[in-house]
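Open the model in your viewer and keep the selection panel at hand. The stops below go from the whole chain to single residues.

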Amino acid sequence: VKDPFGTITRIRPDGSGFEIFARGVRNSVGFDWDPETKEFWFTDNGRDWLGDDLPPDELNHAPVKGLHFGFPYRHGKEIPDPKFGNRKRKEEFVSPASELGPHVASLGMRFYTGTMFPESYRRQIFIAEHGSWNRSTPIGYRITPRPAGKRATDGIRGFCGRMVVGRKGMGTPRGRPRNARWRSSGFRRQGGGDLPDNLQEEGRRQEGLCNPGLNRCRVVHWPQRKGC
């Protein structure tokens, strides 16, 4: 992979100072900065066609510039790529802070800095899993919190998971199975501590509020626009 492909880059607001911050990144959508340490975190979607259970998506931590996170040579913590894996040594890469589910399409992520949720959620990383597109058994379609720092390897806890409904009469539009009524795609912050999530239903984008007590989302807004 030649620069600037497979990288995360940064640039000043005035257009100057373009530089590569991180390499070895396959498909990153969500990123945020730790509100305490100001260090950079991001999710990364793993490659396809290694089976239903490989490789995992990743939550990565980049406290400094110049790190390489493995792609296309290595996936997750211990999975060499069948084609490119023998071209680089494992020691050349930074392992993910946490392995996520395989093919869950971990898109948006945000540190929770509000006060509405219980204290145990403070400084947790909320990850929006858009959901698998070609896995034999669909997976994802939920929101999961992950702790930052050394505890990032802790197990996933469900937060908002009622996003999948039955298969009857369903097709496969736009690369995502229609049996997932709500497909989570990202977050935005708002005052008071709520963490609204962007939800998609058959090509229409909606917005929901996450409730950790009910483990579900409810729709609160329907923007007047079309498409995904």
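What pLDDT does the chain average, and what share of the residues score at least 70? This is a predicted model, and the average pLDDT of the chain is 77, with 65% of the residues scoring at least 70.

**Stop 1: low-confidence stretches**

Colour the chain by pLDDT and select residues 162–175. The pLDDT is below 50 over residues 162–175, and the model gives this stretch 34 contacts beyond near neighbours in sequence. Next select residues 199–209. The pLDDT stays under 50 here as well, and the model has 65 contacts for residues 199–209 beyond four places in sequence.

**Stop 2: the whole chain**

Switch to a cartoon view. The chain has 16 strands and zero helices. Of its 228 residues, 46% count as buried. Among contacts in the chain with a separation of 6 or more, 47% are between residues 24 or more positions apart. Now show the surface. About 12100 Å² of the chain is exposed, and 49% of that comes from carbon and sulfur atoms.

**Stop 3: Thr9**

Hide the surface and select Thr9, which lies in strand β1 (residues 7–10). Is Thr9 buried or partly exposed? Thr9 counts as partly exposed because its relative accessibility is 36%, and the range for that class runs from 20% to 50%. Apart from neighbours within four places in sequence, Thr9 is in contact with Phe18, Glu19, Ile20 and Phe21. Add Arg23 to the selection: 14 residues separate Thr9 and Arg23 in sequence, and their C-alpha atoms are 8.9 Å apart in space.

**Stop 4: strand β5 and its partners**

Select residues 56–62, which make up strand β5. Why is β5 largely enclosed by the rest of the structure? Six of its seven residues are buried, so the rest of the structure largely encloses β5.

Add residues 40–44, strand β4, which pairs with β5 in the antiparallel sense over five bridges. Look for Phe42, which stands opposite Asn60 in β5. Then add residues 98–102, strand β9. Strands β5 and β9 run antiparallel and are joined by three bridges. Glu58 has Glu99 in β9 as its bridge partner.

**Stop 5: the nonpolar cores**

Show side chains for Trp41, Leu59, Ala97, Leu100, Met109, Phe111, Ile125, Ile127 and Ala148. These nine residues form the largest nonpolar core. Two or more residues of this core come from each of β10 (106–111) and β11 (124–129). A second, separate core has eight residues, including Phe21, Val25, Phe42 and Phe69.

**Stop 6: aromatic rings**

How many aromatic pairs does a search of the whole structure find? The search finds 14 aromatic pairs. Select Trp33 and Phe40 for one tilted pair, with 5.3 Å centre to centre and 55° between the planes. Trp33 is partly exposed, with a relative accessible area of 45%, whereas Phe40 counts as buried at 8% relative accessibility.

Move to Tyr121 and Phe126. This pair is also tilted, with 5.9 Å centre to centre and 35° between the planes. Tyr121 counts as buried at 10% relative accessibility, and Phe126 is buried with a relative accessible area of 0%.

To finish, select Phe21, Phe31, Trp33, Phe40, Phe42 and Phe69 together. Ring pairs link these six residues into a cluster. Phe42 in this cluster is the residue that stands opposite Asn60 in β5.

Methods
Residues are numbered from 1 along each chain as its sequence is written. This is a predicted model: local features need pLDDT of at least 70, side-chain atom pairs count only at pLDDT 80 or more; totals for chains, interfaces and linings use all residues. Side-chain values use heavy atoms; hydrogens and water are left out. A nonpolar core is a set of buried Ala, Val, Leu, Ile, Met, Phe, Trp, Tyr and Cys residues joined through side-chain atoms within 4.5 Å. Buried means under 20% relative accessible area, exposed over 50%, partly exposed in between (1.4 Å probe, protein chains only). Helices (H or I, at least four residues) and strands (E, at least two) are DSSP runs, numbered from the N terminus. Contact means heavy atoms within 4.5 Å. Accessible areas come from the Shrake-Rupley method with a 1.4 Å probe; for residues, only the protein chains shown count as cover. pLDDT is the predictor's confidence in each residue, from 0 to 100. Two strands pair if DSSP finds at least two bridges between them. Rings of Phe, Tyr and Trp (its six-membered ring) pair if their centres lie within 6.5 Å; planes under 30 degrees apart count as stacked, over 60 as edge-to-face and the rest as tilted.
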